[in-house]
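Dear colleague,

Please find below the structure that I am handing over to you. A summary of what was found in it follows.

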Amino acid sequence: MKTLCLVAFAMMSPIAPAAGLSGIVRLAGNPELAEVVGHWAEAFEKLHPGVRIETHLTGSDTGMAALYTGRADVALLGRAPTPSEIQAFEWIFRYRPTQVEILTGSLDRPGRSPAPVLFVHRDNPLARLSLAQLDAIFGTEHRFMKSDIRTWGQLGLTGEWADHPIHLYGPDAMSGTGRFFRHMVLNDSRMMNWDQLAEFNDTGIPLQATHDAGRQILAALARDRYGLAVACLGISNPSVRAVTVEGVSANRSSLISRQYPLTRALVACCNRPPGHAIDPVTGAFLRYILSPEGQQRIGPADGYLPLTGALAAQQVRKLDQP
């Protein structure tokens, strides 16, 4: 897959240093991006000695606040901006922030925008679920089906499984993963199947990111033959197994290609007034991130996945639009 990505990027024009570029780019946002941003900043400053990259990566929520209060030029988010964040930006500027995807979320690294994966107990014969079924299982305001799915029999399981309720386990609905799952599956509805859902949060330790909610979720599922869980790959538990969504398994290839329906993306937001070109220094940095050189600086240790060449080019066009 790495070879395919390199071939796709080879079709894009390499980034060229802009003559005389100088200034400061202030970055705020997701602290999990610190390593990747460090790679980008070092390389970009070598290309443009007159530019300095300043980073204040304390959280996606604080990143958007820094952008619309003028304390940052770019907000780097481990998710898409929320409707309330866009509304706050619009309230101040009377237009929406410019958004571009900069990375694909992780396959198996908790805390690095991993793709949600559906798990069942190893004894469960279920092999696949559709988005419509997930909507009917987890929600109450259905887009696809006219009724709830509350038992395993309603998913086609027979015998001892047929009448058993589906016990649900997942991340807190207001966490980053929880919000993403609600957006993709429930169209942002908060009217969930609360009677059958157990939510889990990361263990709170001051000044330490535990990212252990997924481990807690799968441990609970391992004790419940009739459970269905939302977690991510990379958590070893021999008592559970993943099922496909729309017939697609979550793997590196299906995430990079965006074939897996629950693939996540990391987003950069900036302030560009309608009808105006993006700030030259900010624009140059974002174009570098999206260039072949920028995307190839994402290493296995970073946990994130690159964009395809076609998707990166599409994001660059968003920056170039007047």
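**Helix α6 and its surroundings**

The buried residues of α6 have a cover that includes β5 (117-121), α5, β7 (167-171) and β9 (227-231). Please bear in mind throughout that this is a predicted model. Helix α6 spans residues 176-186, and the residues buried in it are Gly178, Phe180, Phe181, Arg182, Val185 and Leu186. Just after this helix comes asparagine 187, whose phi is positive, at about 55 degrees.

Helix α5, which was named above as part of that cover, runs over residues 131-138. Seven of its eight residues are buried, so α5 is largely enclosed by the rest of the structure. The buried residues in question are Leu131, Ala132, Leu134, Asp135, Ala136, Ile137 and Phe138.

**Threonine 263**

A second place to examine is the loop between α8 (252-256) and β11 (265-270), where threonine 263 lies. Is threonine 263 buried or exposed? Its relative accessibility is 12%, and residues under 20% are classed as buried, so threonine 263 counts as buried. Leaving aside residues up to four places away in sequence, threonine 263 touches Thr104, Ala115, Phe180, Ser254, Leu255 and Arg258. One of these, Phe180, is also among the buried residues of α6. In addition, a polar atom of the threonine 263 side chain lies 2.8 Å from the backbone oxygen of tyrosine 260.

**The chain as a whole**

The protein chain contains 11 helices and 11 strands. Along the principal axes, its C-alpha atoms fill a box of roughly 75 × 45 × 40 Å. For 322 residues, a compact globule would be expected to have a radius of gyration near 20 Å; the chain has 21 Å, which agrees.

Of the 322 residues, 51% are buried. Turning to contacts between residues at least 6 apart in sequence, 72% of them join residues that are at least 24 apart. The accessible surface amounts to about 14800 Å², and carbon and sulfur atoms account for 54% of that area.

As for charge, there are 30 positive and 29 negative side chains in the protein chain. The centres of these two sets lie 4 Å apart.

For a first look at the model, I would suggest beginning with α6 and the elements that cover its buried residues, including β5 and β9, and then moving to the loop that holds threonine 263.

With kind regards

Methods: Residues numbered from 1 in each chain as written. Predicted model: local features only at pLDDT ≥ 70, side-chain atom pairs only at ≥ 80, totals over all residues. Heavy atoms only, no water. Helix = DSSP H or I, 4+ residues; strand = E, 2+ residues; numbered from the N terminus. Rg over C-alpha atoms; globule rule 2.2 N^0.38 Å. Buried < 20%, exposed > 50% of the residue type's maximum accessible area, 1.4 Å probe, protein only. Contact = heavy atoms within 4.5 Å. Areas by Shrake-Rupley, 256 points an atom, 1.4 Å probe, with all protein chains shown as cover. Lys, Arg positive; Asp, Glu negative; His and termini not counted. Charge placed at Lys NZ, Arg CZ, Asp CG, Glu CD. Polar contact = N/O pair within 3.5 Å; in protein donor to acceptor, adjacent residues only side chain to side chain.
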